Amino acid sequence: MEKNHMSGMLDHLKTRISQSGAITVADYMFECLTNPEHGYYVHNEPFGIFGDFVTAPEISQVFGELMGLWAVHQWHAMGKPKLFNLIELGPGRGTLMSDALRVANGLPEFIAGLNLHLVETSHRLCNIQKQALAQFKPTWHNDISSLPDGPTIVIANEFFDALPIHQLEYTGNGWLERRVAVIHGQLAFTLWPLQFPIDAHVSLTSRQPSVGDIFEISPESCKIISELASRFNSQSGYGLFIDYGHSRSGYGDTLQAVKAHAYADVLMNPGDSDLTAHVDFGALSKAATTAGAIAYGVKLQSQFLKLLGINERTDALSAQATPDQLVQLNSGRDRLIMDDQMGSLFKVLAIVDPDLPPPSGF
Ligand code: SAH
C-alpha cells in the first residue's frame, strides 16, 4: 500500500510536468507535502521516534508549557481582553497547545475569554488535534484568510519550514530559477528563466553572488507574516514564530528531505519523506516591519527558553519525578537548549502591534 501511494505521487508529478512543463521547487514542495491524495502530511505519521522527526513540543512538555506562560503574559500586556483569539499555525499533534493550555488552566479569565483557532491543511492531523484539544472547542482553518478579527495571540512552531520556497541560482548571466523536470524518465533539477523580479530579495544579503550560489525565497511565508503584521497594526496582537533557519538572508541550498530521522534525496520517493527548507528570518522580519508591526529578535531558541524559565520549570518538575521521568526531563531540556542540538539552529521571532509593550523573552 505504501508503495502504491509513493508511485501514485510520482505518476501524478510526471503527468503534471508533461502537461505544463518543469515545475518550481515551490510547487514541488507543495505537492509533496500537501497534495490531498498523495501528500506527505496526508499519509504519514511524521512525529516521534517511530516517525520521521521529533519536534520541540514532542521532546519535552516544558516547551508547550512555556508557550502557555508566554501567551498568558501577552494577554496581560494586551490589557486582559475579555475575548481574544489564540491561534496556532500548523499544530501537528496538538501537543504544544494542550501543554500550553494545561498551565493556563489555572487562570479562569484567560480560559473563559479564549477562542482557539487552528490553521491546518491535513485532515488526518486535524482529527488528532480534535482529540487532544476537544475541551477547548477549536475552530479549524485551511489558511489564515478566514481567521476572525479581534485581539490575537499567534504561535507557530516548525510551521514556516514546511512552506514552499523558490530556489534561484546565480549564473554568469544573472539569476535563473531551479525547477523540477523529468529527464530520462526521472525527476531532475533544471534551470528556467525567472518569472518574477528578484532584486528586492537579493538586496537583503550582504555580498555579491558568485556563480552557482542559490538564493531561496518563500513568498508564501512572507505573505502570511505580512498579513498578520498588518492585522496587528490595526488590531491588538502578538505573534511568536519558532523554527530552524538563519537570522539574516544569505546564499545556500537548504532544501532537505528527512525520512526516519535521516536525510534522503529530495527528488527520491516524493510524498514519502518530509521536505523542508531553513526559514529566512531576515526576510520574515522585513515583511513584518514593512507591514507596520514591530519585529523582536531574532533570538536563539536557547536564549529565549532560558529567559522564559526552562531551567526553573524543569527543576520544579524534577522534584516530583520518577527516576525515568527525571532522565527524560533533563535530556529533553538539553536537546532544546544545547548549542550542538536545537539551541542555536532554532530561532525565535516575535511580531507585535506597535502600540503594545515588548513581548516576554525578548
Ligand atoms: N507545530 C507542530 C507540527 C510541526 S509540522 C510541532 O511543533 O510539533 C508542520 C505542521 O504544519 C503540520 O501540522 C502540517 O500539517 C502543517 N502544515 C504544513 N503545511 C501547511 C500549510 N500550508 N498550511 C497549514 N498547515 C500546514
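How many nonpolar, polar and charged residues does the lining of the largest cavity have? In this predicted model, that lining comprises 9 nonpolar, 7 polar and 3 charged residues. The cavity itself encloses about 170 Å³ of space. Its lining is formed by 19 residues, and those closest to the centre are I165, S218, H278, V279 and D280. Two or more lining residues are contributed by each of β9 (214-217), α10 (219-234), β14 (279-280) and α11 (281-290).

The structure holds 2 cavities of 30 Å³ or more. In the second largest cavity, the space amounts to about 40 Å³. M67, G68, A71, L86, L96, M97, A100, L101, A104, F110 and I155 line this second cavity. The elements that supply two or more residues to the lining are α5 and α6, with α6 giving the most, namely 5 residues. By class, the lining of the second largest cavity divides into 10 nonpolar residues, 1 polar residue and no charged residues.

The two helices that contribute to this lining also pack against each other. Helix α5 (residues 61-77) and helix α6 (residues 95-104) have axes 7 Å apart, and the packing angle is about 55 degrees. The pair is therefore classed as oblique. The crossing of α5 past α6 is right-handed. On the α5 side, the contact is made by Q61, F63, G64, E65, M67, G68, L69 and V72, and on the α6 side by L96, D99, A100, R102, V103 and A104. This contact has 8 nonpolar, 3 polar and 3 charged residues. M67 and G68 of α5 and L96, A100 and A104 of α6 take part in the helix contact and also appear in the lining of the second largest cavity.

A further helix pair is formed by α13 (residues 310-318) and α14 (residues 323-337), whose axes come within 10 Å and cross at roughly 170 degrees. Because angles over 145 degrees count as roughly antiparallel, α13 and α14 are assigned to that class. The residues in contact are I310, N311, T314, D315, L317 and S318 of α13, together with L326, L329, N330, R333, L336 and I337 of α14. By class, the contact of α13 with α14 has 6 nonpolar, 4 polar and 2 charged residues.

Open space was examined as well. The largest pocket contains about 750 Å³ of space. It is lined by 38 residues, of which G90, V119, T121, F159 and L163 lie nearest its centre. Elements giving two or more residues to the pocket lining are α2 (25-34), α4 (56-59), α6, α10 and β13 (274-276). The lining of the largest pocket has 17 nonpolar, 10 polar and 11 charged residues. Helix α6 thus recurs among the elements described: α6 contributes to the pocket lining, to the lining of the second largest cavity and to the contact with α5. Helix α10 is likewise listed both for the largest pocket and for the largest cavity.

Two features of the backbone were also identified. The peptide bond from G297 to V298 is cis, with omega near 15 degrees. V298 is located in strand β15 (residues 294-300). K80 adopts a positive phi of about 45 degrees although it is not a glycine. This residue, K80, lies in the loop between α5 and β2 (84-89).

Notes:
Residues are numbered from 1 along each chain as its sequence is written. This is a predicted model: local features need pLDDT of at least 70, side-chain atom pairs count only at pLDDT 80 or more; totals for chains, interfaces and linings use all residues. Side-chain values use heavy atoms; hydrogens and water are left out. Axes are lines fitted to C-alpha atoms, for helices over the stretch in contact, and angles run from 0 to 180 degrees between N-to-C directions. Helices (H or I, at least four residues) and strands (E, at least two) are DSSP runs, numbered from the N terminus. Angles under 35 degrees count as roughly parallel, over 145 as roughly antiparallel, 65 to 115 as roughly perpendicular and the rest as oblique. A crossing is left-handed if the near helix is turned anticlockwise from the far one by less than a right angle, and right-handed if clockwise. Contact means heavy atoms within 4.5 Å. Ala, Val, Leu, Ile, Met, Phe, Trp, Tyr, Cys and Pro count as nonpolar, Asp, Glu, Lys and Arg as charged, and the others, Gly among them, as polar. On a 1 Å grid over the protein atoms alone, a cavity is a set of points where a 1.4 Å probe fits but cannot get out, and a pocket is an open set with protein on both sides within 12 Å along at least five of seven lines; lining residues have an atom within 4 Å of a point. Grid points are joined across faces, edges and corners, and a volume is the space filled by probe spheres set on the points.
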